[in-house]
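Please work through the exercises below with the sequence and the structure at hand, and try each task before reading its solution.

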Amino acid sequence: MPRKKTTKASTRKSTTNKTTTAKAKETAALKVESEKAVTKTATTSKAETPKKEVKDTKTTTKTTKTEVKAEKPAAKATVKKAEAKEEKPAAKTTVKKAEEKAEKPAAKTTAKKAEVKEEKPAAKTTAKKAEVKAEKPAAKKAEVKEEKPAAKTTAKKAEVKEEKPAAKTTAKKAEAKEEKPAAKATKKTKKTTAKKAAPKAAKAEVKEEPKETVKVEAPKAEAEAPKAEVKEEPKPAPQPELPQPRRSVAFIGSECYPFVKTGGLGDVMYALPKALAKQNCDVKVILPRYACIPQEYQEKMVFKGAFDMDLCSDGRSYYVGIMEYVWDGVVYDFIDNMEFFSNGNPYTNLVDDIPKFCYFGKAALAALNFMDWEPDVIHCHDWQASLVPLYLRTMFNNTPIANAKVIMTIHNLRFQGVYNIETLKYWTNLPDYVFNKDCMTENWLDANMLKGGLTYCNAITTVSNTYAGEIQTPEYGEGLDAHLRYHSGKLRGIVNGIDYDIFNPATDPMIPVHYDLSNVLENKPKNKRALQEELGLQVDENKFVIGLISRLTDQKGLDLVNQILPQIVDDFTEVVILGTGQPEYEDSFRYYENAYKGRVCANIMYDETRSHHIYAGCDALLVPSRFEPCGLTQLIGMHYGDIPIVRETGGLKDTVEPYNEYANTGNGFTFDRYDAGLLLDAINRAKTFYFTNRWCFDEMVQRNMDKDVSWENSAKQYRDLYVALTTD
């Protein structure tokens, strides 16, 4: 019987053990299911609102707690310990610190570290921790922060915390490492808590975490990368250094665009000072204040002062007013006196012009002294300013400006300011010794203003190299060839340029269609068509259009044009003329317009806009001058893609290279002797080239547009001359 009882007891024990084992298996299964549910809840928490996530987490946690209670009491104790430790203020402080650091840029690196560490499989105990931690109020804070746009990193952290606790712990540790040394205590507390709450498997993970932290240091470089990029931002290109030394230059002349202009002198007086200002020159331009200057400029002039100046030999004095206007880095000072400058035109007749410019030259120097402006160089232009060197070396010899060097530029030697000696003595009050045959006296009875200026200046320039040589010959010397040969040591030629701000087909507001080197062959014919329609010519883009823009005088070779014009005009050629001048030429061109309607148009006027239309619309530009110091017409025409037909003289020879059909070089058609037959031959060669070899003609058009005819090179040469004169 006792044996039977023992058997029954053992049977009961085995039954109890089986029941307990079954319950344990069921509990384990429930644990796995609860973990899966927690994982699913964390995965779907992104799409849900923060409030729902909190509720779902709480529900899952309660379920898990119930299941855990069904397990061993030891599990309960472990969970309670973990919960109790999470309620400590130190944990709250750590959470707050983590949240604060999430707002900093460095948090991006921490978040990346946390994501990397999430890849490790978490232990079951760690999962329980996550469930318990989900109940904390700190989780709500993290979820609330997800709503703010600026807290993108914090939102990512909150999502990571809901998924796996290992990530949260690792993130905290990574952040703790980036903190100051004062955070070491918190870090140790966290490690101790983790050791007590987690099983051995979790401890192993904690030991491996520093290795992971060491491996994931690359994100720091990424976080610092933006700073490096900011430093490497391209800096503005350094401005080129201006040439040294700096020089101050006073320009004195009778006209200047846009205030008053009758020819090339006005263009030079405007463009050269502006180009010199870019070459580190301090430039002041002194001009007469003509009544014909447009009101828009008169209104902007500023009064700088006034004084009375002795002028005549009898002691008669005149008022000198100074009006200033600043434009494009250049200062323009206008000499104001209505008694001399009230006429509608700058030049009237020699009887009136001689007293006018005797006064102007002396007033310009007096104004420099009055303004206390001492130039290094005084640059005088043509006969209207030629008395300045004489005044400077005599009457102003003991004034502050006496040390200035003087340059005389000859734009056209034909005009010299010749008048009788007695009249010039009265209006200038110059000493008698300057009226001698080597200085001002000419033909025993006359005084030559330009001759006196050439004698007393420090340097003489002309507007082209060829012209500098031509004026030393009897043919082109205009009676001063011997005088110029005597002073040839201080004579040199510097060719003019054009202002690209005014004459540029790519930006010219006056022409119908803009074009440049890349599209000239496409757009220039459109301007030709517009010109034909404007002037009443036969509209045909295939016709050869010849332009002539000039003062209508003998100097420009118009007598040659008159002789051959009927032979030029045919069914394939059109001629456009623009200009004013001598009546015989004006009348002859009007006759040709009536005789060849639709093929010849004579614009007897000065019209700046019309001239730009002709430059842009014609195929060839005619400049058959008897003599040409420089010539700006051919330079402008080339920049607009026109083929120049010129005589080989002065600046025309320096700027136009004859076409060589064998080498396909050159940029125009030329003739040498002053002969109508040679002019006609040059025109016919250009026409034949246009109609039979259009491909090479178009190449020449592009070569002309590509040629540098700006003022930059010329300004450098003038600046070098200024420095050479003023360097001891």
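**Exercise 1. State what share of the residues of the protein counts as buried, and describe its secondary structure and contacts in outline**.

Solution. In this predicted model, 52% of the 728 residues of the protein count as buried. Next, the secondary structure comprises 30 helices and 18 strands. Finally, if one takes the contacts between residues at least 6 apart in sequence, 73% of them join residues at least 24 apart.

**Exercise 2. Work out the strand order of the nine-stranded open sheet, and explain which strands stand at its edges**.

Solution. Begin with the order, which reads β3-β4-β5-β2-β1-β6-β7-β11-β12, with mixed pairing. The edges are held by β3 (302-310) and β12 (491-493), and because each has a single partner strand, one side of each is left without a neighbour in the sheet. When direction is ignored, neighbouring strands of this sheet are turned against each other by 25 degrees on average. As a last step, look at the end of the sheet where β11 (residues 459-462) runs parallel to β12 and is joined to it by three bridges; here T462 stands opposite G493 in β12.

**Exercise 3. Determine whether the two faces of strand β16 are covered or open, and then find the bridge partners of A620**.

Solution. Both faces of β16 (residues 620-623) are covered, since A620 and L622 on one side are buried, as are L621 and V623 on the other. Turning to the pairing, β13 (residues 544-549) runs parallel to β16 and is joined to it by two bridges, with I546 standing opposite A620. Strand β17 (residues 643-647) also runs parallel to β16, and four bridges join these two strands. In β17 the bridge partner of A620 is I643.

**Exercise 4. Describe how helices α23 and α24 are arranged, and which residues meet between them**.

Solution. Two packed helices are described by the angle between their axes and the distance between the axes. For α23 (residues 558-568) and α24 (residues 583-595), the axes come within 11 Å and cross at roughly 20 degrees. Angles under 35 degrees count as roughly parallel, and therefore α23 is roughly parallel to α24. The crossing of α23 and α24 is left-handed. On the α23 side, the residues in the contact are L558, D559, V561, N562, L565 and P566, and they meet Y585, S588, F589 and Y592 in α24. Sorted by type, the residues of the contact of α23 with α24 comprise seven nonpolar, two polar and one charged.

Key:
Residues numbered from 1 in each chain as written. Predicted model: local features only at pLDDT ≥ 70, side-chain atom pairs only at ≥ 80, totals over all residues. Heavy atoms only, no water. Axes fitted to C-alpha atoms, helices over the stretch in contact; angles between N-to-C directions. Parallel < 35°, antiparallel > 145°, perpendicular 65-115°, else oblique. Left-handed = near helix turned anticlockwise from the far one by under 90°. Contact = heavy atoms within 4.5 Å. Nonpolar A, V, L, I, M, F, W, Y, C, P; charged D, E, K, R; others polar. Buried < 20%, exposed > 50% of the residue type's maximum accessible area, 1.4 Å probe, protein only. Pairing = 2+ DSSP bridges.
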